[in-house]
Each structure stands twice: as C-alpha cells, then as structure tokens.
Amino acid sequence: MGFDGMNCPNCGADLPETLTRAKMVACRYCESAVVLEDDALRTAGEKGVMAEEPSLFVLGREIRYRRESWLPVGQARFSYGTGWWDEFWAVDGGGEGVWISVDEGEIAVERPYEIDVTLSPWQLKRGENVSLNGETFTVTEADTATCMALRGEFPEALHVGQAYRYWHLSGPMGRLVTLEFSEGEFAASEGVWVDPYLIRSENAGA
Ligand SMILES: [Zn+2]
C-alpha cells in the first residue's frame, strides 16, 4: 500500500511525501513549520520570512562538489549580531544528508557527527582544546544565533525565534566540527571548509 500523503495541521495543504524521512517541513502554503513526531504531525511555530538573496544554492537544484552531488531540500537562516547565514540541508542519491553552511563567500559542508564525550557549554571557550572521539580540536568561534526563517524540509525540528549556542572547532587536516546547544542538548556535525569555486550548480547562469 502506498503512502497516503499528509496534510498541514494548520491549513490542510498536502505536505511533500519526503516528510516520511525528514522530521520537519515548512508548509509551502501557510506560515507553519510542521514537525513529524511519533507518526503525528504538529505545528512548531511559524516558518518566518526568508528574504530572497541571490545564491549559488537553490532548493531543488542539484549542486556538485568534486565527485559528490547533493540536492538542497531545506534552507534555514540564522542571525548572529552583525549578520546572518544560511544552513542548507542537502541529500545525496542515497538519501544521506549534509549541512552546507553559506556565510557570504564562506562555505562549509558537514555531516551529522556522533560525539562520544560529555560536554558542558562552559568548557567550550575560544582557544580551548577539546578531545572529541579521541582527537583534539580547538575552539575557534563561540557565539549565539537565532533562527529567523525556514524553507523546505529538515532532519530535525528547528524553531523560528529560538536561540542556538554554537561553536566552531578546528581539528587535524583542516577538519571542522560544529557544536550546537539548545534545550540542554548538543548536536554535532563534522566536515570541511570548501572552495566556493569548486561548487557547480545545475543550470547556473542559464
Ligand atoms: Zn500549511
């Protein structure tokens, strides 16, 4: 039996079938962010207003980097003191996802990362060394960002208006770890900074 489809709890519009593997989607028709939890849908606040900016990354337009390609399916915008950046959730052909953070010319690609140590926000100060999964990383940035707007779908629930503490850590071989702390829990992702000139977008310049 096929999937029957799901509807926005706020406006009743059809939600994309991909919501069965994503945990959250911003309804395309109303202001709702919708979360799938224990097979039930609930609204999780508003999706916010995403001011359009020219970008190499567009939802539904495949991008290539070296031998990999991803389809951006979600866009979350965060503000921090002096500006904002976007986090794109992008999936490959096998359905595995990466976070691509785009802050003007700076682009990082990171995968979800399980950490085997218990961390406390107070120990993560700029310049401190932290051991993660047996490797040493240095905290290079510590700040707080607020989610401003959501579009598309995500592997986790995000909330517009919520503040997220985050840290960038640098490790061996140019690796980057991002830690994020909200509601008492850490989420981690691990990856590298990438050269924007090596990213190719389908139909770019068309
Ligand atoms: Zn809706």
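Start by selecting the hairpin of β9 and β10: two residues lie between the strands, and Glu104 there takes a positive phi near 50°. Strands here are DSSP runs of E with at least two residues, numbered from the N terminus. A note before you go on: this is a predicted model, in which local features need pLDDT of at least 70 and side-chain atom pairs count only at pLDDT 80 or more, while totals for chains, interfaces and linings use all residues. Residues are numbered from 1 along each chain as its sequence is written.

**Along the strands**

Colour β9 (97-103) and β10 (106-112). They pair in the antiparallel sense over five bridges; pairing requires that DSSP finds at least two bridges between two strands. Pick Val102 and you will find it opposite Ile107 in β10. Now add residues 185-194, strand β15, which runs antiparallel to β10 and is joined to it by six bridges. Here Arg111 stands opposite Glu190.

**Over to Val91**

Next, select Val91 in strand β8. Is Val91 buried or partly exposed? Val91 is partly exposed, because 19 other C-beta atoms lie within 10 Å; buried means 20 or more such atoms, exposed means 12 or fewer, and partly exposed is in between, with C-beta atoms placed from the backbone. Draw a C-alpha to C-alpha distance to Pro72: the two are 19 residues apart in sequence and 6.4 Å apart in space. Beyond four places in sequence, Val91 is in contact with Trp70, Leu71, Val73, Glu96 and Gly97, where contact means C-beta atoms, placed from the backbone, within 7 Å.

**The two domains**

Colour domain 1 (6-46) and domain 2 (63-201) separately; these bounds come from an automatic or database domain assignment. Their centres, taken over C-alpha atoms, are separated by 24 Å. The contact takes 14 residues from domain 1 and 13 residues from domain 2. On the domain 1 side, β3, β4 and β5 (40-46) each supply at least two residues.

**Into the core**

Finally, show the largest nonpolar core, which has 31 residues; Met24, Val34, Ile100 and Leu150 are among those with the most contacts inside it. Such a core is a set of buried Ala, Val, Leu, Ile, Met, Phe, Trp, Tyr and Cys residues joined through C-beta atoms within 7 Å. Both domains give residues to this core, so it lies between them. Centre on Leu150, which touches residues including Ala26, Ala33, Ala76 and Val160. One last stop is a second, separate core of six residues, including Phe137 and Trp167.

Definitions and conventions
Helices (H or I, at least four residues) and strands (E, at least two) are DSSP runs, numbered from the N terminus. Two residues are in contact if their C-beta atoms, placed from the backbone, lie within 7 Å.
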